[in-house]
Amino acid sequence: MRALAFLMVPSLALAQQPAVARINVTPSAPRVVAGETLQLQAEALDAGGRPVPGATIRFQQTAAQFEGAVDDKGLVHAGAVGTIPVAVTAIVQGQKPVIRRVEVAVLPGPAATIVIEPRALKLLAGQSMQVSGHVFSKAGDVRPDAVTWTSAAPAVARAGADGSITAISPGSAVVTAAAGGVKESLRVEVLAANVGSVTLTPSQPQARTGDVIRFRLSVKDAAGKEIEGLSPTWLLAPGHGEIDADGAFVGYDAGRYTVTALLGARSVQTTVTLTPRDVRRPATVVGSVVRTAFPTSEVWVHPNGKVAYLGTHLGGDRVYVLDVADPAKPRIVDSVIVNARMINDVMTSEDGKVMVITREGADNRKNGIVVCTLDDPLHPKPVGEFTDGVTAGVHSAYIYTQPKFGMHVYLTNDGTGALHIVDIGDPAHPRQVGTWKTPRADAGRTLHDIDVRDGLLYASYWNDGLVILDIGSGIKGGSPSNPQLVSQYKYDLNALCKQVEAVGGPGFVRGTHTAWRHKDYVFIADEVFTLADEQLLFNNRPARAYGRLQVLDVSDIAHPRPVAFYEPEYGGVHNVWVAGDTLYMGAYNAGFRAFDISGELRGDLRAQQREIAHVNPSDPKGFIPNSTMTWGVVVKNGLAYVNDFNSGLFIVRIEPRAPVVP
Amino acid sequence: MIASLPSVRGRRMVRGAAGLAALLAALLAALLAALLAAPVFALNAIRAQGAPAKDYLVFVASESVDRVALIRFGPGGAAVERERYVGWAPTEVAGPHGLAMSPDRQHYFVSTAHGTPFGRLQKYNAATDAAEGSVMLGNFPATAQVSPDGYYVYVVNFNLHGDMVASDVSVVAADAMVEIARIRTCTMPHGSRLSSDGLKHYSACMMDELLVEIDTRTLAVSRHFVLSAGKEKGVQGAPQPRGAVEHATHDMGGHGMDPPKPGDVSCSPTWAQPSRDGTRVWVACNKSSEIVEIDTRSWTLLRRLPAGPGVYNLGTTHDGTRLISTNKRDQSVSVIDVASGKELARVPTTRKVVHGVAVSDDDLYAFISVEGSGSQPGTVDIIDLVTLRKVASVDVGQQAGGIDFWKSEPARR
């Protein structure tokens, strides 16, 4: 109503209108529970604290679009836990606007569940064990509630205020964790401490750094009968490694380690010896093609191993076709020029007959993909394109053929974050058969990359982590036209990349960028940059990437869980490729890296010396001279085709171990 | 020098042998001078059409390479004076699209359109290129303009990179760089401009066949206008939002690059330009290649003016007599006489995909951004608004789009 009144005020009156000095907002410390609404009120006041007639008040959410929404009247719809900043503006025609910033705290809903770890305890009398309780709202948001612990049978097991459980005497006890009216129980079984013998046996007494050794704890009573399922506390010395609650140990340095299983007054130790992993090998650049005109993006090698394709970035409109039959003398023999200014991805079908090129930056703003046939792999022939619904641009594409469903290309949509599935059985006439997107608010949905193995699609969903879809594996009845969600692994990117904010200031680029399924693992890599390097970039100087490679154990595909990681000392983690027991990586500033991923994976892969080879591709004639920014790698016939964003293609051979000359 | 020819011609009135000899000598001298000047022929050509007496400075954004270039055009021709990187990551493109100067000429604002998925408005110091602030806006922030009082920046969230649903216009407090309002308008709000008094904001809705007017005093949509030929109608209030399904078959026409299909008479508006006196607003109908002229008082159609193929962006001279349009499908720029509605000239541009217009403070020159195609550079063409000819051209980063005039100053010789 104030706005209407203002419109009728003569201009003379406007000139005499008092200036807005401040805005009073109520409630003064706004808080709202996720899923609920809150009405903000505001009033424009002059220097004397009197309301300013005719001032228009506007509310505008200034960030946190993923967490909720605020309308222009100040009604807050809280969607998820976090903080919603709101700009409250008092507008008087002819005066500079006055802005008051308020933050609405969105709190988790009431406590709904408590998850106790571990789920059960079997202790010897006299043994103590620390347990933890995590409180969640109905929506699964973590709550900060303090958990109280009580034991229904304190004579059997005593519960400390901090969650320490002390076994007193044989029997069973139910320990209850309580928070905010919610309770969860933990069954504690206490056995007499009349232990006869305790032994601890490693799965192997000697191993290499990085090998996972599992320990078997055998406890027998005085009669020699095995006591199964006891929960020991594990100790490790020296500490250059880790041992999990399940007794899986991995050591980072060569030497002797003492592992102790603690059972109250009883303990048992054993030692294991680790030798160096000794996988380091020399690497040789056998050939290269340096490019200057554009940065270069994705590299792909035709299944015949004689032809490579190289995309162009930052204004690039072409895919170079390289004859690599002689890897020592790679040469450009053709190029496919398309209507684009960024070709982020290129890939051929498994049979080598079809190639897909992604397009972004088209002059008519109709992006999408170009489909080529490869009757002559050295001279791809564009025969079709697909733009429907993906005119915003396609960043990544993956071609996958299933005998039951035919050949499809799986596309990322820059605009909507949706996955598009396009039948390219007839390359000249691509036909969309399905789409899928994460069930969330549109804001913040970004799909960056796709990998497919055995009918399961691994989608790198940036803010939403890794999403696994069934597109024909049979697990969930999915198909290309009807993908079915299998599971999702979402993690706290902000917490994981905290150091980046510390270095480059608030706000930074980070997201789940790529994924690769190998055996029971999925390797996921984050893309991380600070926002502080713009001047470096403009001056053609290298900007620093960050990032972490996480190894997820997907042996239970419904519940992916992180088990290992790699983070370069300087640089990021971009695209990966796995061949045999070797993981190859384009690590941006950290160059080209190769890792031994044989055996079980746990802990810090870098610390345990699993790195096999490292090359820093760069060239004085590069787009940015002498500046390594390695994008990715494709491995074919024992050679790594490494693309560097700033310098072009490098063909790398990892050499046999150099013989030791006494 | 070619510039000396008028004085030679003036001596044609001399009679007799001596006069003839003098005339021949003069002609030979002129010819010799022209030959000697051959290496700087281009510069002389400019001077022949009226070389600028001072320097003009223009900022232009290149969407594909995340750069803003400052162009200096003066007696010595046109050149890139300096460039500024405006992106955020080495391996992603931020996509600078709109560019707007503050009225006090101290700052320039750049909308970076691409985002993940939201774009930003960034503020820079015009003299030093120093970054002065940044704020996240909506999906694909595009055309930007600062209000005449300098308090606000209006940016349309074009939402090219999403479903075809109603989008909005962001209003940013220019000092604090805080978004203070986001006003829902229509689907794909595109080229937009404020009235000279700053009280009205007009934007074209590319996928809705609409012109939308925002009352800047209330920051709400006040009126809209249906632009389709034969269906022209002014309506009070905001348009009804339409869903993505209703747009599913709507052809975006390659963002102005594809000619309309047979029988398609739709407008597909890409720019709204109020007249200097505020009595009219012109809308570029990109598909039908027309300019719709609307009376802002009666909110009725005045004229449908024929325009160049794929008319895209518009600009006016400060004296209000001329309208300049970029013709996206024609590789040309049209200069139109406002009073008669007639095209005075159609000037070819250096490259195709013609984008934006900025007019010099003295109305002598129009600066045209040209996107180019693929790996071609972007270009700024400079058109002499007296001779109606292109007088200079300078290449900038790829996909030159947003452009605005900064200032003129004494020539650097």
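In chain A of this predicted model, the strands β3, β7 and β6 line up in that order as an open, three-stranded sheet with antiparallel pairing. The two edges are taken by β3 (37-39) and β6 (68-70) of chain A, each of which finds a pairing partner on one side only. Going from one strand to its neighbour, the average turn within this sheet comes to 10°, with direction ignored.

Zooming in on one of these pairings, β6(A) and β7 (residues 75-78) of chain A run antiparallel and are joined by three bridges. Here a valine sits across from a valine: A:V70 stands opposite A:V76 in β7(A).

Stepping back to the whole chain, strands make up most of the element list, with 58 of them in chain A alongside five helices. The C-alpha trace of chain A spans about 95 × 80 × 50 Å along its principal axes. Chain A has 662 residues, and 49% of them count as buried. As for who touches whom inside the chain, take the contacts between residues at least 6 apart in sequence: 54% of these join residues at least 24 apart.

Then there is the partner chain. Chain A puts 44 residues into the contact, and chain B puts in 40. On the side of chain A that touches chain B, the elements giving two or more residues are two helices, α1 (2-7) and α5 (534-538), plus two strands, β5 (56-61) and β8 (82-91). Sorted by class, this side of chain A holds 19 nonpolar residues, 15 polar ones and ten charged ones.

Key: Residues are numbered from 1 along each chain as its sequence is written. Chains are lettered from A and ligands numbered from 1 in the order in which they are written. This is a predicted model: local features need pLDDT of at least 70, side-chain atom pairs count only at pLDDT 80 or more; totals for chains, interfaces and linings use all residues. Two residues are in contact if their C-beta atoms, placed from the backbone, lie within 7 Å. Helices (H or I, at least four residues) and strands (E, at least two) are DSSP runs, numbered from the N terminus. Ala, Val, Leu, Ile, Met, Phe, Trp, Tyr, Cys and Pro count as nonpolar, Asp, Glu, Lys and Arg as charged, and the others, Gly among them, as polar. Two strands pair if DSSP finds at least two bridges between them. Axes are lines fitted to C-alpha atoms, for helices over the stretch in contact, and angles run from 0 to 180 degrees between N-to-C directions. A residue is buried if 20 or more other C-beta atoms lie within 10 Å of its own, exposed if 12 or fewer, and partly exposed in between; C-beta atoms are placed from the backbone.
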